[in-house]
Amino acid sequence: MSPTRTLAENVEAQLPRYLVELEQLVNIDCGSYTPEGVNRVADFCADAFGALGASVERLPAERLGDLVIGRLAGEGPRLLLIGHMDTVFDPGTAAERPFRRDGDRALGPGVTDMKGGLLAGFHALAALKAAGLAPAVTYVCNPDEEIGSPFSGPHIRRLAAEHDAALVLECARANGDIVSARKGIADYHVEITGRAAHAGVEPEKGRSAVVEAAHKVLALTALNGRWPSVTVNVGVIEGGTRPNVVAARCGLKVDLRAASVVQFDAAATELERIVTTASVDGTHATLDRVAGHQPMERSPAIARLVGLAQQVAGELGFSVNDAATGGASDANTCAAVGLPVLDGLGPIGGDDHSPDEWLDVTSIGPRTALLAGVITRIGEALQVRGPM
């Protein structure tokens with residue numbers, strides 16, 4: 001029997017356990033700002049690392065769950081695996097719509113984003129261990145990915161410098177595609193100040209922050225289409241106090257995305273120019289870039305990882321394609337520091353962040369076996385770095 005088929009059989013043998021663990025994790029409320037729930041998932045991850053014989057590092061974060069890092073000493077290229085433990089859902093969601101099966105679909109909060117992928121990482125490593133294989137793997141279980149990884153991001157960047165490649169365990173797309181490129185994203189908060197005045201008696205003394213915001217919203221929206229991959233969305237506008245008062249302040253929250261570094265930087269420069277240029281005399285705006293990721297572009301190194309995944313999938317009896325997506329992940333962080341990275345290596349799922357979020361149960365075995373195969377053969381796609 002081929003090594004790839006052996007891994008697939010090892011994975012299949014543990015599928016009942018996977019489904020029990022998936023139900024356990026889905027029924028935990030672990031939104032990014034629910035640290036007690038995230039830490040219940042962190043407890044599970046720490047125990048799973050212990051069962052694999054990995055060393056465990058657990059780093060606490062203020063007002064967030066812990067970051068858990070498991071390290072397996074082994075041979076060959078140094079591989080970084082990344083999964084996240086948090087979801088976007090508020091406390092009480094798991095009680096309102098707990099884990100359930102509907103035919104070949106599993107449903108529940110975070111079932112595919114990304115409790116399914118988080119588990120796939122552990123089960124792939126267990127399948128490798130059962131086959132007597134010992135790759136050199138560091139597995140990061142991130143508590144804050146859904147809010148941009150403010151705590152774990154610096155740790156991921158540090159670890160990226162020590163590894164030869166990364167695999168991120170977000171779900172495969174609904175059509176089965178893995179992810180070879182992601183748009184960069186920047187979140188901006190804009191604060192506009194003007195001067196209040198009575199809107200009926202002496203409006204000429206006022207300097208309307210709301211009117212200034214309207215000018216900026218139109219100018220920012222016009223950036224859509226100026227570069228092929230750029231999208232700009234003003235998602236929040238709030239300001240003013242009463243209809244009879246010229247508004248003294250107004251706030252905007254803006255989302256910028258682009259597929260390439262060149263377009264991303266060009267659009268960011270123009271966005272910042274628009275915000276800092278006043279159309280209404282006497283108004284002033286400040287700009288705060290509160291979060292963001294550089295684009296993950298499909299480099300030649302990433303293309304080689306795609307080729308390896310396609311080869312392993314073929315040996316398992318199915319085909320896989322790669323795709324670009326508009327959402328960011330921890331893969332962007334790895335790509336930004338030059339680490340070859342492939343994403344979407346969890347099971348197939350869809351409708352993330354919604355009440356209809358689902359995971360294809362029939363994909364768990366094949367996609368976990370694919371992940372295990374790629375892990376053990378990662379050196380085929382790499383020019384390995386020298387000793388640390």
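**Figure 1. Secondary structure and overall dimensions of the predicted model.** Helices, taken as DSSP runs of at least four residues, and strands, taken as runs of at least two, are numbered from the N terminus. Counted in this way, the protein has 11 helices together with 16 strands. The protein is as compact as a globular protein of its length, because its radius of gyration of 23 Å lies close to the 21 Å that the globule rule gives for 388 residues. Measured out along the principal axes, the C-alpha trace spans about 85 × 45 × 35 Å.

**Figure 2. Burial and contacts within the protein.** Of the 388 residues in the protein, 54% are buried. When contacts between residues at least 6 apart in sequence are considered, 79% of them join residues that are at least 24 apart.

**Figure 3. Exposed surface and charges of the protein.** The protein exposes about 16200 Å², and carbon and sulfur atoms supply 52% of this area. The protein carries 34 positive and 48 negative charges, and the mean positions of these two sets are 3 Å apart.

**Figure 4. Close-up of T333 and the residues that it touches.** T333 has its place in helix 10, which comprises residues 330–336. With a relative accessible area of 6%, T333 is buried, since the cut-off for a buried residue is under 20%. Leaving aside residues up to four places away in sequence, T333 touches G153, I156 and R157, and it also touches H293.

Conventions: Residues numbered from 1 in each chain as written. Predicted model: local features only at pLDDT ≥ 70, side-chain atom pairs only at ≥ 80, totals over all residues. Heavy atoms only, no water. Rg over C-alpha atoms; globule rule 2.2 N^0.38 Å. Buried < 20%, exposed > 50% of the residue type's maximum accessible area, 1.4 Å probe, protein only. Contact = heavy atoms within 4.5 Å. Areas by Shrake-Rupley, 256 points an atom, 1.4 Å probe, with all protein chains shown as cover. Lys, Arg positive; Asp, Glu negative; His and termini not counted. Charge placed at Lys NZ, Arg CZ, Asp CG, Glu CD.
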